[in-house]
Amino acid sequence: MYSNRVTRIAEPSTVILSIEEVKAHLNITHSDEDAMLERLVEAATAMIDGPSGIGRAMITQTYRLSLDHAPRCIRLPVNPVQSITSVTVDGVELDSADYRADTDIDPATITLPFMTAESVKVTFVAGYANT
């Protein structure tokens with residue numbers, strides 16, 4: 001059985017919704033519920049953002065997908081993908097001419113020209129925007 005791991009290696013530079021934005025939307029002027037509202041925003045974010053949610057990256061962030069095999073076509077688990085930072089096969093970083101990346105589809109894919117490798121690591125940037 002093959003395994004893969006997705007690790008976020010660069011956090012978003014900002015939160016998806018600030019407590020001030022939530023309070024303004026709900027027309028709340030006091031701070032009595034701030035802690036609860038923050039927990040609700042965190043829970044909602046966790047259900048959407050990243051590979052543990054529905055696989056969307058709301059704010060720009062960087063991930064690494066580690067595979068213990070080399071499938072010909074790799075589907076990236078977090079979208080939309082803005083760019084591919086690196087593809088490493090058995091510890092050797094490939095030149096971008098050595099693989100095909102299609103970041104215009106969902107899920108984004110990387111196609112390798114071969115299928116014999118013990119490990120593949122793909123580092124990529126995903127997210128709709130920086131803010």
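Student: Which residue is linked with R8 and E11 in a network of salt bridges?
Tutor: Keep in mind that we're looking at a predicted model. Side chains of opposite charge can pair when their charged atoms come close. Here R8 and E11 belong to a salt-bridge network whose remaining member is D49.

Student: How many salt bridges does the count come to?
Tutor: To score, a side-chain nitrogen of Lys or Arg has to sit within 4 Å of a carboxyl oxygen of Asp or Glu. The E11 and R8 side chains make one such pair, at 3.1 Å from N to O. By this rule, the number of salt bridges is 4.

Student: Is E11 buried or exposed?
Tutor: Anything over 50% relative accessible area goes down as exposed, and under 20% as buried. R8, its salt-bridge partner, is partly exposed at 34%. E11 has 54% relative accessibility, so it counts as exposed.

Student: How many residues apart in sequence are the parts that D34 and K23 tie together?
Tutor: The side chains of these two meet in a salt bridge, 3.1 Å from N to O. D34 is in helix α2 (residues 34-48) while K23 is in helix α1 (residues 19-26), so the pair ties together parts whose separation in residues is 11.

Student: What is the relative accessible area of K23?
Tutor: The cut-off for buried is under 20%. D34 makes it with 18%. K23 is buried too, and its relative accessible area is 13%.

Student: And R56 with D106: how many residues apart are the parts that pair ties together?
Tutor: Their side chains form a salt bridge with an N to O distance of 2.7 Å. R56 lies in the loop between α2 and β2 (61-67), and D106 in the loop between β6 (100-102) and β7 (109-111), so the sequence separation in residues is 50.

Student: Which of R56 and D106 is buried?
Tutor: D106 is exposed, with a relative accessible area of 51%. The partner has 16%, under the 20% limit. The buried one is R56.

Student: Which residue follows D106 through a cis peptide bond?
Tutor: Most peptide bonds are trans. The one leaving D106 is cis, with omega near 5°. The residue that follows is found in the loop between β6 and β7, and its name is P107.

Student: What is omega for the cis bond from N79 to P80?
Tutor: P80 lies in the loop between β3 (73-75) and β4. The peptide bond from N79 into P80 is cis, with omega near 0°.

Student: What is phi for N27?
Tutor: Most residues other than glycine have a negative phi. N27 sits in the loop between α1 and α2 and counts as exposed at 67% relative accessibility. Its phi is positive, near 60°.

Student: Where is D90, the non-glycine residue with phi of about 50°?
Tutor: D90 has a positive phi. At 41% relative accessibility it counts as partly exposed. Its place is in the loop between β4 and β5 (92-93).

Student: Along with L76 and V122, which residue touches the most other members of the largest nonpolar core?
Tutor: That core has 22 residues. β2, β4 (81-89) and β8 (120-126) each supply at least two of them. Leaving aside neighbours within four places in sequence, the residue you want is in contact with several others, including Y63, L65, L76, V78 and I84. It is F124.

How values were computed: Residues numbered from 1 in each chain as written. Predicted model: local features only at pLDDT ≥ 70, side-chain atom pairs only at ≥ 80, totals over all residues. Heavy atoms only, no water. Buried < 20%, exposed > 50% of the residue type's maximum accessible area, 1.4 Å probe, protein only. Helix = DSSP H or I, 4+ residues; strand = E, 2+ residues; numbered from the N terminus. Core = buried A, V, L, I, M, F, W, Y, C linked by side-chain atoms within 4.5 Å. Contact = heavy atoms within 4.5 Å.
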